[in-house]
Amino acid sequence: MPDTDLILTGNNLTKSFPSKTGGERLVILNDVSLSINRGDIVCVVGASGSGKSTLLHILGGLDQPDSGTISWNGQHMYDMNTDELAKFRNQKLGFVFQFHHLLPEFTALENVMMPALIQDTDFEDAKHRAMNLLERFGISTRADHRPTELSGGEQQRVAMARALINDPDLILADEPTGNLDEENTEILLDMLFELRKIDKVSILLITHEKDIARRTDHTYELSKGKLHSF
Ligand SMILES: Nc1ncnc2c1ncn2[C@@H]1O[C@H](COP(=O)(O)OP(=O)(O)O)[C@@H](O)[C@H]1O
Ligand SMILES: [Mg+2]
């Protein structure tokens, strides 16, 4: 029986990339293991280029490790085929990236609705839920704006609402405040940390701001391919 509190486990993950100069491969992750419990906020800090995004992509089913395993509620993630994996990501995970990745030709509301529509949610139901999220993040008056008509902070709040629309179990946030000023960083982080209280969602937060680490349950530092408790 899987441990019910443990939602995601990465075991002995390795990842390397070919070196551009044709020498030895660059080892980015060297035997990295990480577990996330239900409702946990886990933070990974590390210098630029240390492999944080690589780790997040692997844990989020976006890129395969060279070796090692990832279990989700006891099931091996990369045993799923491409379609199963896409469905799994859509239903269980919410991604927030440094660059919001909103679709430019759609409004804020439509962007938030998108993952629900992909899951065949009824249109009016998706719209209702998306509006509620925009209201919760204080941006309902921006619902009909396209991403270019929004400030950086507003764009990231829309991206966060989009990550939540399918009620995910885990949010994977890759430097979500990397492009924000101090005030908007605080707003976004407060929202992120509130999620656990309200929605019991787990969060993997990748950041290069070590100060954030004080507000999380577990913080690790990724350095030279290894993950250390911080
Ligand atoms: N697809 C790729 N091909 C080759 N090298 C890559 C690829 N993705 C990342 N890298 C390299 O791996 C290292 C870690 O990258 P990344 O995970 O993006 O670091 P971080 O997010 O900590 O800044 C960097 O040196 C980067 O150039
Ligand atoms: Mg990165």
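**Tour of a predicted model**

Start with the whole protein: for 230 residues a compact globule would have a radius of gyration near 17 Å, and the 18 Å found here agrees. That radius is taken over C-alpha atoms, and the globule rule is 2.2 Å times the number of residues to the power 0.38. The model is predicted: local features need pLDDT of at least 70, side-chain atom pairs count only at pLDDT 80 or more, and totals for chains, interfaces and linings use all residues. Residues are numbered from 1 along each chain as its sequence is written, while chains are lettered from A and ligands numbered from 1 in written order.

Show the C-alpha trace. Along its principal axes it spans about 50 × 40 × 35 Å.

Switch to cartoon. Six helices and ten strands appear (DSSP runs numbered from the N terminus: H or I of at least four residues, E of at least two).

Colour by burial. Of the 230 residues, 40% are buried (20 or more other C-beta atoms within 10 Å of the residue's own, C-beta atoms being placed from the backbone).

Now select residues 108-118, helix 3, and residues 123-136, helix 4. Their axes come within 9 Å and cross at roughly 125° (lines fitted to C-alpha atoms over the stretch in contact, with angles from 0 to 180 degrees between N-to-C directions). The two helices are therefore oblique to each other (not under 35 degrees, over 145 or 65 to 115).

Show side chains. Helix 3 brings residues including Leu109, Val112 and Met113 to the contact, and helix 4 residues including Ala130, Leu133 and Leu134 (C-beta atoms within 7 Å).

Technical notes
Buried ≥ 20, exposed ≤ 12 C-beta atoms within 10 Å, placed from the backbone. Contact = placed C-beta atoms within 7 Å.
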